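Please open the structure in your viewer and keep a selection tool at hand. The stops below say what to select and what is there.

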Amino acid sequence: MNFLNKISYKNIACLFSCAIFFILTSCEEDLTKANGNKSKNFPSQIINNANIVQRDSGFVTLKAKAPIIEKYELIDSPYVVAKKGINIEFFDKKKPKVPGKITAKYARIFEYKKFYEAKGDVRITTNEGQRFAMQSVYWDQKKNRIYTKDTVYVTMEDGSTLVGANGMTAKDDFSEYTFFNNSGDFSTKRLEEKKTPQ
């Protein structure tokens, strides 16, 4: 009888030890999975006082400055973000000495998709002297299109003005553009007006 009690106690102790082992192992796996998912959501590179120059066949196409740039490369859709604002100069071979300019309080770049977004007091000045002001703008580099649904305020080089109440779409070199539901003191052959349906 004493012998049987010893065996049953040993069996219970063994089963209890196995149960604790499996519980701890499964908890560790769950924590590893959870931490693995979270650990990808951090910048793989941080650049302070960034000063970036982009060239194409030796020609400077873009200069960008930002207080901080963060690169998120370990996620499914990698991107670069400038959370504290960005200042960009872009150059055209036709007018290499007169850059266009873009400033914004926030910018994000999806490098693989060639898709850019800028938000917060966005200001664009073309090398022709046109000035655009809006709260957000998106650039699809693959389609060579810039667009926004925000109200756009435009001042032309001759001083004429325009308000596009429902946004605009444009070629990324601003050689042509369309404003939606516009108004203002404006005169140009390049302007196309599209009234929004009511």
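Which residue takes a positive phi in the hairpin of β1 and β2? Select serine 57: its phi is positive, near 55°, and the hairpin has two residues between its strands. Keep in mind throughout that this is a predicted model.

**The hairpin strands**

Extend the selection to residues 45-56, which form strand β1, and residues 59-72, which form strand β2. The two strands run antiparallel and are joined by eleven bridges. To see one bridge partner in detail, pick asparagine 48 and look across to isoleucine 68 in β2.

**The largest nonpolar core**

Next, select Phe132, Met134, Met168, Phe174 and Phe179. They belong to the largest nonpolar core, which has 17 residues, and they touch the most other members of it. Now colour the elements that give two or more residues to this core: β7 (115-125), β8 (131-140), β10 (152-155), β12 (168-171) and β13 (177-180). A second core, separate from this one, has ten residues; select Leu62, Ala82, Ile88 and Ala107, which are among them.

**The aromatic rings**

A pair of aromatic rings is described by the distance of the centres and the angle of the planes. By the rule used here, the model has eight aromatic pairs. Go to phenylalanine 132 and phenylalanine 174, whose ring centres are 4.8 Å apart with 35° between the planes; this pair is tilted. Phenylalanine 132 is in strand β8, while phenylalanine 174 is in the loop between β12 and β13, so the pair links parts of the chain that are distant, 42 residues apart. Both phenylalanine 132 and phenylalanine 174 are buried.

Then select tyrosine 177 and phenylalanine 179. Their ring centres are 5.3 Å apart and their planes stand at 65°, so this pair is edge-to-face; the angle is over the cut-off of 60 degrees. Tyrosine 177 is buried, as is phenylalanine 179. Show Phe132, Phe174, Tyr177 and Phe179 together: ring pairs link them into a cluster.

**Charges over rings**

Two further stops pair a charged residue with a ring. Select arginine 108 and tyrosine 79: the arginine lies over the face of the tyrosine, 5.2 Å from the ring centre. Then select lysine 113 and phenylalanine 110; here the charged end of the lysine sits over the ring, 5.5 Å from its centre.

**From a loop into β11**

Where is serine 160? Look in the loop between β10 and β11 (161-164). Serine 160 has a relative accessible area of 9%, so it counts as buried, the cut-off being under 20%. Add aspartate 158 to the selection: a polar contact of 2.7 Å joins its side chain to that of serine 160.

Move on to threonine 161, which is in strand β11. Threonine 161 is partly exposed, because its relative accessibility is 33%. Draw a C-alpha to C-alpha distance from threonine 161 to arginine 131: the two are 9.5 Å apart in space and 30 residues apart in sequence.

**Last stop: β13**

Finish at phenylalanine 180, in strand β13. Is phenylalanine 180 buried or partly exposed? With a relative accessible area of 22%, phenylalanine 180 is partly exposed. Select threonine 169 as well: it lies eleven residues from phenylalanine 180 in sequence and 8.5 Å from it in space, C-alpha to C-alpha.

Conventions
Residues are numbered from 1 along each chain as its sequence is written. This is a predicted model: local features need pLDDT of at least 70, side-chain atom pairs count only at pLDDT 80 or more; totals for chains, interfaces and linings use all residues. Side-chain values use heavy atoms; hydrogens and water are left out. A nonpolar core is a set of buried Ala, Val, Leu, Ile, Met, Phe, Trp, Tyr and Cys residues joined through side-chain atoms within 4.5 Å. Buried means under 20% relative accessible area, exposed over 50%, partly exposed in between (1.4 Å probe, protein chains only). Helices (H or I, at least four residues) and strands (E, at least two) are DSSP runs, numbered from the N terminus. A polar contact is a pair of N or O atoms within 3.5 Å; within protein, one must be able to donate a hydrogen and the other to accept it, and residues adjacent in sequence count only if both atoms are side-chain atoms. Rings of Phe, Tyr and Trp (its six-membered ring) pair if their centres lie within 6.5 Å; planes under 30 degrees apart count as stacked, over 60 as edge-to-face and the rest as tilted. A charge sits over a ring if NZ of Lys or CZ of Arg is within 6 Å of the ring centre and within 35 degrees of the ring normal. Two strands pair if DSSP finds at least two bridges between them.
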